[in-house]
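User: I would like a close look at one part of this protein, together with the surroundings that help to place it. Please keep to what can be read from the coordinates.

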Amino acid sequence: MIRMLTAYTEELLDTEAASTAILAQLDLNRNLARHAVGILSCMTEFVETGIVQALCDRLPFDVVGCTTLGTTVQGVIQPLILTVTVLTSEDVFFAAGITGPLEGNLAPMDALYEELLKVLPEKPSLLMPFAPFMFIGGNEFVERLDTLSGGLPLFGMLAIAQNPNVGGTYTFYNGTCKTNALGLLAFSGPVDPLFLVSSIPQERIISPQAIVTAADKNVLHRVNDISALEYLKSFGMVENGEIEGSETMPLVLELSDGSRVARACISITPEGSVVCGSEVPVGVGLSIASIDFDDIVKSAALVTQQAVQKAQGRNLFMISCAARYYALGTDLYAEMEKVAACIQGSRPYHFSYSGGEICPILNRSGKLTNQFHNDTLIVCIL
């Protein structure tokens, strides 16, 4: 059994006050079991003012996490906060760490995974990655961990910031904040996680299905044998050489195993190709969808209600895409408010926005397969 403790602070400048507030809410002397780990989410400002490092120095267990656009735990929704979620258990073991630099080389992930295996008493049952925001396609992290672990379930996120193109995205481990490293939390023991995913419903697809005819990893070159740029232009998604409406008009891929995933369009290359949020395999079906404020709020309510029903007293860890956040327009807290209203204080939960979501989904054979997502809300019941 895993117990979840949550705490938050709005203090951005006073490291002592922020740490003291977090520790008072957690009340670790009364609530901590034999094993524990912390998960930290915050906006970039808490890194730059030293709050993250000071807090991690005060906590008596490993802490992992990353920057976010917005985060909430039970009892608070504020524009600029830091949240800490503590997972603690008598029979579930935790091991955490962070890689070396990953730019151009994912091999440090292998070394980190081997280190965590040495700490745990048995093979992990769940992995929770906190990946850096890098323009290589988030699925590369998923594929590497999937291979290393032999297909263990992965649930996690990419770091994000208000303007990731100019920096400010960090992953954390025990106060160390890096822009190009992956933090990883491994669980072993009786975890038995359940996963829920809310992506793009069929009725929101607005284009006939096309076929990806040329692509290289996360760079889409051609669709139906025309350039990706011309394809997006035909649906009004390009203006003055820039992608318009990328938050509200995601791509939907029908993968070869029957899985469906969403992909965000990030930018256009000088050659007229489209950089996507993750891999776009050649030969898969591709459609364009349209989502709006109501879609996001309704889907958040539906998946949260399902999670509460399935949880049976357990805890909820929820991650939503930054694209959903931006698609809310001026009412940026509407999704978090809907989640809170559906849970109604019935259980602890952690909610954060990400640059991409990592969660298993069912393929046509009914098997869970690890996938990288955009424009998606994912839930892990612990």
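Which residues do ring pairs link into a cluster? Please start there and follow the neighbouring elements outward.

Analyst: The model is predicted, and every value below is computed from it. The cluster that ring pairs hold together consists of Y325, Y326, F351 and Y353. The residue ranges place Y325 and Y326 in helix 9, which spans 322-327, and F351 and Y353 in strand 24, which spans 349-354.

The strand side of the cluster leads to G70. This glycine sits in the loop between strand 3 (63-67) and strand 4. With a relative accessibility of 5%, G70 falls under the 20% limit and therefore counts as buried. Once residues up to four places away in sequence are set aside, G70 touches M43, M336, F351, S352 and Y353. Two members of the aromatic cluster, F351 and Y353, are thus among the residues that G70 touches. The contact with M336 joins parts of the chain that are 266 residues apart, and the C-alpha atoms of G70 and M336 are separated by 8.8 Å.

M336 in turn belongs to helix 10, which covers residues 334-343. The buried residues of this helix are A334, E335, M336, V339, C342 and I343. An α-helix has 3.6 residues a turn, so residues three or four places apart point the same way. In helix 10, M336, V339 and I343 are among the buried residues. The buried residues of helix 10 pack against strand 4 (71-73), helix 8 (293-311), strand 23 (316-321), helix 9, strand 24 and strand 27 (377-381). Helix 9 and strand 24, the elements that carry the aromatic cluster, are therefore both among the packing partners of helix 10. After helix 10 comes Q344, which has a positive phi near 55°.

The helix side of the cluster leads to the largest pocket, where about 550 Å³ of space lies. Its lining comprises 27 residues, and those closest to its centre are F133, P164, A264, I266 and Y326. Y326 thus takes part both in the aromatic cluster and in the group closest to the centre of this pocket. Two elements, strand 20 (265-268) and helix 9, give two or more residues to the lining. Helix 9 provides the largest share, with 3 residues. Sorted by class, the lining holds 16 nonpolar, 10 polar and 1 charged residues.

The second largest pocket offers a contrast in lining, with a volume of about 330 Å³. Its 17 lining residues include E143, L255, T369, N370 and Q371, the closest to its centre. Here the classes are 5 nonpolar, 6 polar and 6 charged residues. At least two lining residues come from each of helix 6 (139-149) and strand 26 (368-373), and strand 26 supplies the largest share, 5 residues.

T369 gives a view of this second site from within strand 26. Its relative accessible area is 15%, under the 20% limit, so T369 is buried. Leaving out neighbours within four places in sequence, T369 is in contact with D257, S259, C359, P360, I361 and N363. D257 and S259 fall between the ranges of strand 18 (251-254) and strand 19 (260-263). These two strands run antiparallel and are joined by 4 bridges, with L251 standing opposite R263. Their hairpin has 5 residues between the strands, and within it G258 takes a positive phi near 95°.

Returning to aromatic residues, the count for the model comes to 7 aromatic pairs. One of them is F94 with F187: the ring centres are 5.5 Å apart and the planes stand at 75°, which is over 60 degrees and so makes the pair edge-to-face. This pair joins distant parts of the chain, since F94 lies in strand 6 (residues 93-98) and F187 in strand 11 (residues 183-188), 93 residues apart. Both F94 and F187 are buried.

In summary, the cluster of Y325, Y326, F351 and Y353 is linked through F351 and Y353 to G70, while Y326 is among the residues closest to the centre of the largest pocket.

Notes. Residues are numbered from 1 along each chain as its sequence is written. This is a predicted model: local features need pLDDT of at least 70, side-chain atom pairs count only at pLDDT 80 or more; totals for chains, interfaces and linings use all residues. Side-chain values use heavy atoms; hydrogens and water are left out. On a 1 Å grid over the protein atoms alone, a cavity is a set of points where a 1.4 Å probe fits but cannot get out, and a pocket is an open set with protein on both sides within 12 Å along at least five of seven lines; lining residues have an atom within 4 Å of a point. Grid points are joined across faces, edges and corners, and a volume is the space filled by probe spheres set on the points. Ala, Val, Leu, Ile, Met, Phe, Trp, Tyr, Cys and Pro count as nonpolar, Asp, Glu, Lys and Arg as charged, and the others, Gly among them, as polar. Buried means under 20% relative accessible area, exposed over 50%, partly exposed in between (1.4 Å probe, protein chains only). Contact means heavy atoms within 4.5 Å. Two strands pair if DSSP finds at least two bridges between them. Rings of Phe, Tyr and Trp (its six-membered ring) pair if their centres lie within 6.5 Å; planes under 30 degrees apart count as stacked, over 60 as edge-to-face and the rest as tilted.
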